[in-house]
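Okay, thanks everyone for coming. I'll take a few minutes to walk through a model, going from the overall picture down to a couple of residues.

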Amino acid sequence: MNLLLSLWTEYRELIVLTVEIIAVMLAVVISVALMTYAERKVIGWIQVRHGPNQIRIFGLPFFKGLAQPFADVIKLLLKEVIVPTNADKFLFLIAPLVALTPALATWAVVPFSPEFVLADIDAGLLYILALTSLGVYGIILAGWAANSKYALLGAMRSAAQIVAYEIAMGFALVGVLMAAGSLNLTDIVRAQSHGYAAYGWPWQAAGFLTWNWFWLFPLMVVYFISGIAETNRAPFDVAEGESEIVAGFHVEYSGATFATLFALPEYANMILVATLASVFFMGGWQSPFDGYLAPTSLLAEPSFMWLALKILAFLFCFLWFRATFPRYRYDQIMRLGWKVFIPITLVWIAVESAMAWFRVGPWASLG
Amino acid sequence: MFVTLLFYAFATVLVGAALGVVLSRNPVHAALFLVLAFFTSAALWLLLEAEFLGIVLVLVYVGAVMVLFLFVVMMLDVNVAQLREGLTRHAPLGALVAGIMIVEIVYVVWVRELGGTLGPMPAASVASVSNTKALGAVLYTDYALPFQLAAVVLLVAIVAAIVLTMRKRPGYRQQDIAAQVAVRREDRVRIVKVDPAGRP
């Protein structure tokens, strides 16, 4: 007992941080499971069918189908992992882990609420850009190591696509850091609450009009669409392209390797892009009623609830797009990334510089 | 203590990865070892509290340059036997280059014993000063012009690379995307009234 107590006092910070990291990771993994359920359910409703509605939690009579993702996980974990004969065995097995690690590590700098962020580092935005650019290695390795032409084609498509959209994404974030004047994610959220005190009612409050989405709207659109392309989601899912290249980079994977290569990183990255879009453009954990209601009321207080609501709204868009848009043609994906998005972001960065120079909008408070 | 341990761990991985780049037979494995080497050196920079440079190293070299490297290497069908043909012929030159580099490294490491003096160790950075902010302040004030000049040089290189690949080939056909996007329903679809009973 004494030993435990002394360990606790000595390594308190380390233990607390480890517990926090495990909690965030568990939350992400459970969100991924629920996200797969939500995807099948929402797309089912959009296509006028039911979606999963059979498997219940311990046979309880409500929430039918909610246990479907957990049943899927058990099924995938129990299946045999098949390694193709001429595959590069080591790379084939390590590729899922390479895909998974950056997808989970990026969550370290996400500010969940005014008080809670795992690592409040100054170069947070750069850290996110660096780690999201690593995610492509899992896909490339999986495609190459499988020694299958469909897998290789999928990996090639994915690599070209991710490199193309990373540039547009980076430029969109340049606009964000110009508005915030900082690379720290908590500072970026706080900077979005600069009010228009000079303009009087109804502008006196911080409210949702000072969030970046209003002044950086083109950048938000570019960021979110680039995020969809970076996560290889419909309508940009040519890396899978089941109608042309069977299932692309993960065609040879089965069982647990399939789950960790495909399902976990893809959905974790989706949730991450939705979270970052909320943090960068929608005010993160800030309340839209801030400044209009009494500051002590629950609705005006900044809290994780607001971040969660914004994330859910963005995630719904992911599912909505998948259900409504047909897959892009490959050359048009490249055209959109290089010839449409990059010029849009460059123009808007120039417009933003002009706004900051003439002290328009959120820069008015700089005097 | 902990930092020293980390340093030796990273340094071992870095040297191992660098050896792997040179020694592995498979070019894809070599490229992946290079990725590991970049990543580990970024970790070493983080240990030196140069977090901006470390993260940028990962972002630029690991995230972009090496992806394209891998992309190209995977498409190549490298014949290892053909590559090894000239090995004995080029070995003396390679040995000479390696020898010069070893001498240089040894000279730098043992510079004090050879009569030179090392500069003073830089003071540990203050926690309140942001690495990123300090770099930005220097880059955009004292070195604003050289910085922009470097950017222009890079831009010229990009434009040159694109221009080099643009050549007119006979029989080359191109899509007019604007025309494709501007197509309306009336251009493509013709509604024909057909009497189901088959009367003319």
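**From surface to single residues**

So, let's begin on the outside: chain A has an accessible surface of about 17,200 Å², and carbon and sulfur atoms account for 71% of that. Keep in mind that this is a predicted model, please.

What about the secondary structure? Chain A has twelve helices and zero strands, so reading from the N terminus you just get α-α-α-α-α-α-α-α-α-α-α-α. The radius of gyration of chain A is 22 Å, and the globule rule gives 21 Å for 367 residues, so chain A is as compact as a globular protein of that length. If you'd rather think in box dimensions, the C-alpha trace of chain A spans about 70 × 65 × 45 Å along its principal axes.

Now the inside. Of the 367 residues in chain A, 51% count as buried. And if you take the contacts in chain A between residues at least 6 apart in sequence, 73% of them join residues at least 24 apart. On charge, chain A carries 20 positive and 23 negative side chains, with the centres of those two sets 11 Å apart.

Okay, next the interface. How many residues of chain A are in contact with chain B? The count is 26 on chain A, against 25 on chain B. People often give the size of an interface as the accessible area lost when the parts come together. Here chains A and B bury about 2,200 Å² between them, and 77% of that is on carbon and sulfur atoms. Three residues to look for are Y137(A), W144(A) and M156(A): they supply 26% of the area chain A buries against chain B, more than any other three residues.

Let me zoom in on two charged residues. One is R157(A), which sits in helix α6 of chain A, residues 149–180. Is R157(A) buried or exposed? Its relative accessibility is 18%, under the 20% cut-off, so R157(A) counts as buried. Leaving out residues up to four places away in sequence, R157(A) touches V238(A), A239(A), E244(A), I245(A) and Y330(A).

Over on chain B, have a look at E51(B), in helix α3, residues 51–75. E51(B) has 25% relative accessibility, so it counts as partly exposed. With the same sequence neighbours left out, up to four places away, E51(B) touches L46(B) and N131(B). And V73(B), 22 residues from E51(B) along the chain, has its C-alpha atom 30 Å from that of E51(B).

That's my tour; happy to go back to any of the views.

Definitions and conventions: Residues numbered from 1 in each chain as written. Chains lettered and ligands numbered in written order. Predicted model: local features only at pLDDT ≥ 70, side-chain atom pairs only at ≥ 80, totals over all residues. Heavy atoms only, no water. Helix = DSSP H or I, 4+ residues; strand = E, 2+ residues; numbered from the N terminus. Rg over C-alpha atoms; globule rule 2.2 N^0.38 Å. Buried < 20%, exposed > 50% of the residue type's maximum accessible area, 1.4 Å probe, protein only. Contact = heavy atoms within 4.5 Å. Areas by Shrake-Rupley, 256 points an atom, 1.4 Å probe, with all protein chains shown as cover. Lys, Arg positive; Asp, Glu negative; His and termini not counted. Charge placed at Lys NZ, Arg CZ, Asp CG, Glu CD. Buried area = accessible area lost by both parts, 1.4 Å probe.
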